[in-house]
Structures are given as C-alpha cells and as structure tokens.
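Please open the model in your viewer and keep the sequence panel beside it, since each stop on this tour begins with something to select.

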Amino acid sequence: MTNLLSFSAILNLVGFWDVAIALLGLFIISCLLERFTNNGPMLWPVLGIIPSVFLNVNSMYDWATVVLIRAGGTFYFRGVWFGGAHGIITIDPSKLEYMLKTRFNNFPKGQHYRERFRDLLGDGIFNADDQMWKEQRRVATTEMHSSRFVEHSFLSMQVLVHEKLLKLMDDVVNSRNGVIDLQEVLLRFTFDNICTAALGVDPGCLALDLPQIPFAKAFEEATELTLFRFMVPPFVWKPMKRFEMGYEKRLKESVQIVHEFAEKAVTERRNELVRLGGLNDRSDLLSRLMEYTDQNPEGQGTQKRFSNKFLVDFCISFILAGRDTSSVALAWFFWLVQKTPEVENKILKEMNEILGQRRQCSNIKEPADHDAIFTVEELKNMVYLQAALSESLRLYPAVPIDIKEVVEDDVFPDGTVVKKGGRVLYSMFSMARIESIWGQDCLEFRPERWIKDGVFVSENQFKYPVFNGGPRLCVGKKFAYMQMKMVAAAILLRYEVKVVEGHNVVPKLTTTLYMQNGLLVTLKPRLLTSTV
C-alpha cells in the first residue's frame, strides 16, 4: 500500500514538472520567435509590451525613439492579454494626416482617453468628441478670435509680465542670490495668465513670496495623478477609485478643489450678470460665453444660455491646455538658448534692432531698453524669436505623445491595419529626432530651419503636430505664441539666464513634458541701454 502511494505521488510530481517545463519551454520559444521576427519592442507572452515599458521607464522617450527608428517608423503593440489594449505606435507624417484629417471621424480621442480624464475635465473641449466637441470648438473659435478677447488677453498678459513677473525677477536678483526654479515661476505665470483670460480671476501665484495656492496645487496634482490611469489596467484603478484607495483618493480630493473653485467663479459671474443685467465691462472668456450670441444666416443674433456645468468643464479644459503647454515650452526654450550663445545673440540683435527702429520713428524721449514694453506689432516682427520658439517646441513638444482610438477597422495608405477599439499613439518627441523627417541635423537646435528670405515659414502640421492638426488644430495657437514671445523677450532683454552648474535637466514621464528636476537658473542683469 505504501509503495502504491509513493508511486502515485511520484507520478503526480513528474506530471507537475512536465507541465512546468513545457510551459517554460513554450515561454522561451515564444520570446525567441518574438525577438527574431519583430523589429519593434519585445512583446512578452501574456504581458505584452508592459515589461518592456517598465524596463525603460527612466528613458522612455529616448527608448521609444530608438525602437521606432529600428521598426521603420511604426510598430504594433499589445498590453496584458486580459486588458484588451492593442494598436500601433507611429511617427509617420502620412499616417498622422490620414488619422487627423482624412479619416478624422474614425480616430477620435475615444472612450479610453475620455474615461480617464472625465473626473477632472468632464465633457470639456479637451475631453470631448463628436457633436459636443464641434459645438465647443465653434464657440471657442468665435470668442478667442474676436478682437475684444484678443485685446483683453494681450493687455492682461502685458500687465502680468511687467507688473508681476519682472518684479519677481528683480526680487530674485536682489534678495535670493539670483537663483530660482524658472520652470516653477513660468508655471505660476501661465496659471495666473490663463485663469485671468478664462475666468477673469487672478489666483495670485506670482506674488513675491510665491504662495501656495490651493487651486493651483490641486490642479497640478489632479493632472499628474490622472496619468496613473493610463499606466495601470482598468481592473486596478477602477476598484481603487470605487473604494477611494491610494492615489485615487488623492485624485478625488484634488479634483474636488479644482471644481469647487471653477464652480464658485461661474456662480458668482452668473449672479453678477443677473444683478447688473450685463457683463459689458468684462472681456474674459467666461463672461463672453455667458453673453454668447448665436448668429443666424441673416446676421441676427439669439442669446444662447450655457449651463453652469458646460461653463465649468469648458474653462477647466481651457486652463489645462493653456497652463502647462506654454510654461513647459518656455522652460525648454530658455534651457536650449542658454546652451547656444549664437542663438541668444541673434535674438538680442533682433530685439535691439526693433527698439532702434522705435527710437528713430519717435520724437518722444523713449525709456531705457530695460523698461521697454513691446507692442503687438513689435512682437509679431520678432521673426527669429518665433523661429527659436518653434524649434524648441520641435525638439521638446509640450505634449510628447498623443493618442487616438479606432472606431471601425481601418487601413492606412501604406497597408498598416488597425482594428476597431485599437489605439494609435504618435510620438511628437520622436518625430523631431528622425532624419527622414527633419534631415541629418535633426538633433540640432537650429532656428534657421524656420526662416526663408527673412520670413518665418510654417511647417506641414502633420510633420510638426505640436499644435495638433486637421480639424483639431489648436484654437489657442496665436495666443500661445504671443504669450511665449512676450515672456521670452521681456526676460532675455533684461537678464542673462544660466542653468546652475551641475543641475540635471531631464524630461519627466507625464502627459506634459515637464523637466523632472525643475530648471534652476541664475539671473544676471544685462547692461542697460541708455535713454536716447
């Protein structure tokens, strides 16, 4: 009896090891086949691309660039087998044009994206598709391109730069040894600026003592924590949200602060409208939307009443789009410029020539260049500065990777097949580093590539999708360029900006290309030009 039991136990033991060894062999063979037949990243059995991503998480953008080059510009991916994620990652401009323009309706942001951002953005323009997006896009285009809003946004921007930003810079030079985290300062500036333009409310982030503003802190935390939902499967983050666990609990608290602030601003403005019977003295976006008038074909207008929720969602999306992108773009711009003295000298030469022309044309005694305030036309005439900003955005796009969802099975012009429910990711960071797209000097910071015969020349929007492309081309592009040019000109005219020696500048893995360690710089006042 004992012998029979022992024999049975041995058979069971052998059976277990047989199965284990067979599975291990199958795993190894699958890995070898994958490695030798796939030019893209390693797609592991069961786990898909996830292990490859986590193994390269500290150099994600550079790793993705190398893999995309090796794969010829496009590769297929899949996630964990029970997660259902699949699709392609690409840097092919022709695919971007097909997706963002030709077959626009078949490649929306999609449920995958909207579901993860819904708590923060609701149905705002940045998180909307189809008819809801079209309506908000139409309204945004009408109001943001109106002469009233353009003038308001420029003047409020000008006041913020000269009354707050430059005063803070002077304070840094005089009482803080000239050292500051420029990325943080720029984030504070753009947050105050966009809140003033969108809500007609100045949060006060640029006060000299750099106070901690609950709304600003919550907004930043909410955007960063939302990223985790893109990094873990739904069966992980959804239960965490349901039971308010871990980062999902913090996300809920941050989103609540953001929404309470926006809802308070909307409610108070609505009450002001009722009390005064109009908002003629206000030109911010929220006020204009409250008095928005639809024009019919006959030119007659009918007032359209948007709900408070619509206004809250719209303004939060507007703040998200305007806060991070310009500030991050400016941080990388200053880093690149201080590394490239010849570019900085050309920017300074252009600004001094414009100031010289102003003095020649004016019979009035002009202030010293240190106190100069550039006009709209003067900023528009800064061709080389715009080229330098565009080149900075090319190399370090504020949104390094974007994603679309496939509504129905589709085939790209080169024969690449994508299935319903799949995702198409495109890396703008990687596109800038591809010789076939930007030439052999693609890794160089060379503003001259944007200038022909002294005139700024725009690039194809699908080769340079920094401001999106097709019907979703950024409605705030002109606003962003004016903002960046005003800030860059005001600071560079007055200060030499140098990165603190030994400070490590690397991109952070988030939805926006922040610098992981900030941008510690020293500010040194330039020699002043005397009054003429």
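Start with R494, which belongs to helix 19 (residues 477-494), and bear in mind throughout that this is a predicted model. Is R494 buried or exposed? Its relative accessibility is 3%, and because buried means under 20%, R494 counts as buried. If you display its side chain and then add A372, you will find that the side chain of R494 reaches the backbone oxygen of A372 at 2.6 Å.

**The sheet**

Next, select the strands numbered 1, 2, 9 and 6, which form an open sheet in the order 1-2-9-6, with mixed pairing. At the edges are strand 1 (74-78) and strand 6 (401-405), each of which pairs on one side only. Neighbouring strands of this sheet are turned against each other by 25° on average, direction ignored. Zoom in on strand 6 and strand 9 (residues 423-427), which pair in the antiparallel sense over five bridges; here D402 stands opposite Y426 in strand 9.

Now add two helices to the selection. Helix 3 (residues 60-70) lies across strand 1, strand 2 (86-90), strand 6 and strand 9, and runs at about 120° to strand 1. Helix 4 (residues 93-102) also lies across strand 1, strand 2, strand 6 and strand 9, running at about 130° to strand 9.

**Charged pairs**

Side chains of opposite charge can pair when their charged atoms come close. How many salt bridges does the count come to? The count for this model is 38 salt bridges, and a few of them are worth selecting one at a time.

Select K309 and D123, which form a salt bridge whose closest N and O atoms are 3.6 Å apart. This pair links distant parts of the chain, for K309 is in helix 13 (residues 308-339) and D123 is in the loop between helix 5 (110-121) and helix 6 (130-144), 186 residues apart. With a relative accessible area of 29%, D123 is partly exposed.

Move on to E248 and R229, whose side chains meet in a salt bridge at 2.9 Å, N to O. E248 is in helix 11 (residues 246-276) and R229 is in helix 9 (residues 214-231), so that this pair, 19 residues apart, again links distant parts of the chain. Both E248 and R229 are buried.

Then select R282 and E272, a salt bridge in which the closest N and O atoms are 3.0 Å apart. Because R282 lies in the loop between helix 11 and helix 12 (285-290) while E272 is in helix 11, the pair ties together parts that are ten residues apart in sequence. R282 counts as partly exposed, at 25% relative accessibility, whereas E272 is buried, with a relative accessible area of 16%.

To see salt bridges that share partners, select E391, R394, D441, R446 and R449 together, which are joined in this way into one network.

**Helix 16**

Finish with helix 16 (residues 383-395), whose 13 residues should span 18 Å at 1.5 Å a residue; the end C-alpha atoms are 19 Å apart, which agrees. Why can helix 16 be called largely enclosed by the rest of the structure? The reason is that twelve of its 13 residues are buried. Among the buried residues of helix 16 are Y384, L389 and L395, and they also include E391 and R394, which you have just selected as members of the salt-bridge network.

Note on methods
Residues numbered from 1 in each chain as written. Predicted model: local features only at pLDDT ≥ 70, side-chain atom pairs only at ≥ 80, totals over all residues. Heavy atoms only, no water. Pairing = 2+ DSSP bridges. Helix = DSSP H or I, 4+ residues; strand = E, 2+ residues; numbered from the N terminus. Axes fitted to C-alpha atoms, helices over the stretch in contact; angles between N-to-C directions. Contact = heavy atoms within 4.5 Å. Buried < 20%, exposed > 50% of the residue type's maximum accessible area, 1.4 Å probe, protein only. Polar contact = N/O pair within 3.5 Å; in protein donor to acceptor, adjacent residues only side chain to side chain. Salt bridge = Lys/Arg side-chain N within 4 Å of Asp/Glu carboxyl O. Expected span 1.5 Å × (residues − 1).
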